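Me: I am new to this structure and should like to understand the reasoning behind the terms used for it. Please set each value against its criterion.

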Amino acid sequence: MDYQVNNNGYYGKFGGAFVPEMLYPNVKHLEANYLKIMQSASFKNEFTELLKHYVGRPSPLYFSNRLSERYQLNVYLKREDLNHTGSHKINNTIGQILMARHLGKKRIIAETGAGQHGVATATVCAREGLECIVFMGATDVARQQPNVEKMEMLGATVIPVQSGNKTLKDATNEAIRDWINHPDETHYIIGSVVGPHPYPDMVARFQSVISAEMKTQLREQTGSPLPDTIIACVGGGSNAAGAFYHYLNEPKVRLIAVEADGKGLETGQTAATIAAGSVGIIHGSMTLLMQTNDGQIIEPYSLSAGLDYPGIGPLHAHLYDAKRVEFLRATDNEALEAAFELTRFEGIIPALESAHALAALKKGTFKPNETVVINLSGRGDKDMEAYRNFMKSQKDKNLLLHKPISNPNAEVYTRGFSFPNNSQPLDLSPMGGLFVP
Amino acid sequence: MNRINELFQSKNKNILSVYFTAGYPEAETTVEIIKELEANGADMIEIGIPFSDPLADGPVIQQSSQQALAQGMSLKKLLSELTSIRQNVKIPLLLMGYFNVILHFGVENFCKALEKIGIDGVIIPDLPLEVYENSYAKLFQKHGIIPVFLITPGTDETRIRKTETLSKGFIYMVSSASTTGTKSGFDHSSIDYFKRIAGMSLKVPVLTGFGISNKSTFEQASQYSSGAIVGSAFIKALDKPGSLSERIQGFMRQLRN
């Protein structure tokens, strides 16, 4: 089975480039050149060097003793949270800023939801000395102020988007409109495996470093490059694309993608596109998306701004269609609980997005002692407000007393957790302070 | 013969096509606007199907689309309102909208409905030429629906020739690299581009769109092509005080006289 994009820019029946004629020359130019550029020795060398010395790759593959014992599995965490700027997003922006240089583009635009991709883009633009304009929904600007400040400190112009519902979907629309108005000098750094061909393929290739490293690290640590299962969260799907990439043709490796289910599918307050979506076109790509009976795109809901997107990359729509990847859903609360579990067991505060992947440990069924790799796509300092609110709301419950399936000794690992059955919620705010630049 | 072809046979200069968003400014004004436009001298009308995410549109059409949707407009409702439009209206009518809405409705159902009503053509800005050619050309032809494609200053000659081949009505020449209603008037590079296209002696007529907001831009555009399309400027005019009829009359008068 071939999971790569074909010559026409499609993954099975998904993908393509449904762009207005105004963007055709740009998209075509990129399509004609991206592989040639990416495969040139000079590009490869510089990309690899930057990933190593600037981003800090390879990111560790960390064996989580305590999650392993709790779930009777061998749980490994791929630590994308340790990258420069705090998530996997930088892998793609490093690649695309070099691409922009090779294409001779002097002006960079990007969209951002939570601000992670915006910060990663502003970062590489600062390093490259290029003008950077980031479109961000006005709602997100208000709720992600620290990332807005980072982008501005890095020299980017953040434009609050007032159209539509003022979140990621609208920020993406506005970035595309800007590109239409400034086609000659501008390169659009899309942050996920979405958009018109060749973006999904290009971004997946830049992110594929994640699974390439996983293979090497697993071989070193377990003797085999192949785990039993890989789990990643998926909004647009770039970290999942990277974590799955080099395993797509390893049928023995089970691949699980976890969508954000917000308040639950039945409430309609969800961002689980595979579960709630149907075939359509969003941001230039034929894929699955959430829409009304009239074909109007629906605003999704997830507490996690990075997964709050009504579509999914065409690669993932195809992987679902071809039954290569299993899709699970995790609600806001399931993700929050999983975030606290990792924090308390391993001293790692994950991004709320990545916490959706962690929630699969509780939701999925696994063979005893199988090897599971979870792509920990980002760190959680940006999510402290959500975590603080959750602690307050849960102060009368002992969050960590859930009994996992197939782990009779689970109680052992809940010992020592005073959190939070006293009336005073723990104040973790100083931990957030550690990550403030 | 399709009304679009009839129009261009009878007239090859100063053709005025007017775009507006269905369901705007009020939920039930669509049919009235069409009739008023015809009565006030529009040669052709493009009826916009509102979409939640209109990528090629500037703020004016975005806002009109959002308001139309909020007021309950949908493709189904629009088609039902247009059912008997041909009892009164004789000029060519086109629907303009983004592909997702049409895809979701069903492209074949869409073509059938348009044929039944007597809609002459469609403009679908995010349906690429190649996809149209490979997947939908036969269907549109079968139902006598004329597709209209865009060319821009960035469209190269080979692609313009391909557009010419696939175009059965007219070519929509986008005046500059922009979204709708973003720029006003034409700079030197736009004029050079108009001349370049005029010099190609295309076998299908060309209408100029984007950046046409008043008499002088309309006349300037008409100098190099068969006429022009007005969209955002008309939608703005619909917001002005007075009865709908007065607003439309006033707008058409300043454009034409």
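Me: What makes B:I45 a residue that B:E38 touches?
Reply: The model is a predicted one, and contact in it means heavy atoms within 4.5 Å. B:E38 meets that criterion with B:I45, and also with B:N88, B:V89, B:K90 and B:I91, once residues up to four places away in sequence are left out of the count. B:E38 itself belongs to helix α2 of chain B, residues 30-39. As for B:L244, which is 206 residues from B:E38 along the chain, the C-alpha atoms of the two are separated by 14 Å.

Me: Why is the pair B:D53 and A:K169 called a salt bridge?
Reply: The term requires a side-chain nitrogen of Lys or Arg within 4 Å of a carboxyl oxygen of Asp or Glu. The closest N and O atoms of B:D53 and A:K169 are 2.7 Å apart, and the pair therefore qualifies. Between chain B and chain A the count is two salt bridges. The count of residue pairs in polar contact between these chains, with both residues at pLDDT 80 or more, is 18.

Me: Which parts of chain B supply the side that touches chain A?
Reply: At least two residues each come from α3 (59-70), α4 (75-81), α5 (99-105), α7 (129-142) and β6 (150-151) of chain B. The largest share belongs to α5(B), with five residues. By class, this side of chain B has 18 nonpolar, 12 polar and seven charged residues.

Me: How many residues are in contact between chain B and chain A, and what area is buried between them?
Reply: In chain B, 37 residues are in contact with 33 residues of chain A. About 2,700 Å² is buried between the two chains, and carbon and sulfur atoms give 54% of that area.

Me: What makes an internal space a cavity, and how many are found in the whole structure?
Reply: A cavity is a set of points where a 1.4 Å probe fits but cannot get out. The search finds six cavities of 30 Å³ or more. The largest has a volume of about 400 Å³. Its lining consists of 33 residues, with A:K89, A:L168, A:G191, A:G306 and A:L307 nearest its centre. Elements of chain A that each supply at least two lining residues include β5 (107-112), α5 (116-128) and α8 (168-181). The lining of the largest cavity divides into 11 nonpolar, 18 polar and four charged residues.

Me: Which omega values go with the cis peptide bonds before A:P58 and A:P198?
Reply: The bond from A:R57 to A:P58 is cis, with omega near 0 degrees, and the bond from A:H197 to A:P198 is cis, with omega near 15 degrees. A:P58 is in the loop between α2 (41-55) and β3 (61-63) of chain A. A:P198 is in the loop between β8 (186-188) and α9 (199-207) of chain A.

Me: What is the phi of A:T85, and where does this residue lie?
Reply: A:T85 has a positive phi of about 75 degrees although it is not a glycine. Most residues other than glycine have a negative phi. A:T85 lies in the loop between β4 (74-79) and α4 (89-103) of chain A.

Methods. Residues are numbered from 1 along each chain as its sequence is written. Chains are lettered from A and ligands numbered from 1 in the order in which they are written. This is a predicted model: local features need pLDDT of at least 70, side-chain atom pairs count only at pLDDT 80 or more; totals for chains, interfaces and linings use all residues. Side-chain values use heavy atoms; hydrogens and water are left out. Buried area is the accessible area (1.4 Å probe) that two parts lose on being put together, summed over both. A polar contact is a pair of N or O atoms within 3.5 Å; within protein, one must be able to donate a hydrogen and the other to accept it, and residues adjacent in sequence count only if both atoms are side-chain atoms. Helices (H or I, at least four residues) and strands (E, at least two) are DSSP runs, numbered from the N terminus. Ala, Val, Leu, Ile, Met, Phe, Trp, Tyr, Cys and Pro count as nonpolar, Asp, Glu, Lys and Arg as charged, and the others, Gly among them, as polar. On a 1 Å grid over the protein atoms alone, a cavity is a set of points where a 1.4 Å probe fits but cannot get out, and a pocket is an open set with protein on both sides within 12 Å along at least five of seven lines; lining residues have an atom within 4 Å of a point. Grid points are joined across faces, edges and corners, and a volume is the space filled by probe spheres set on the points.
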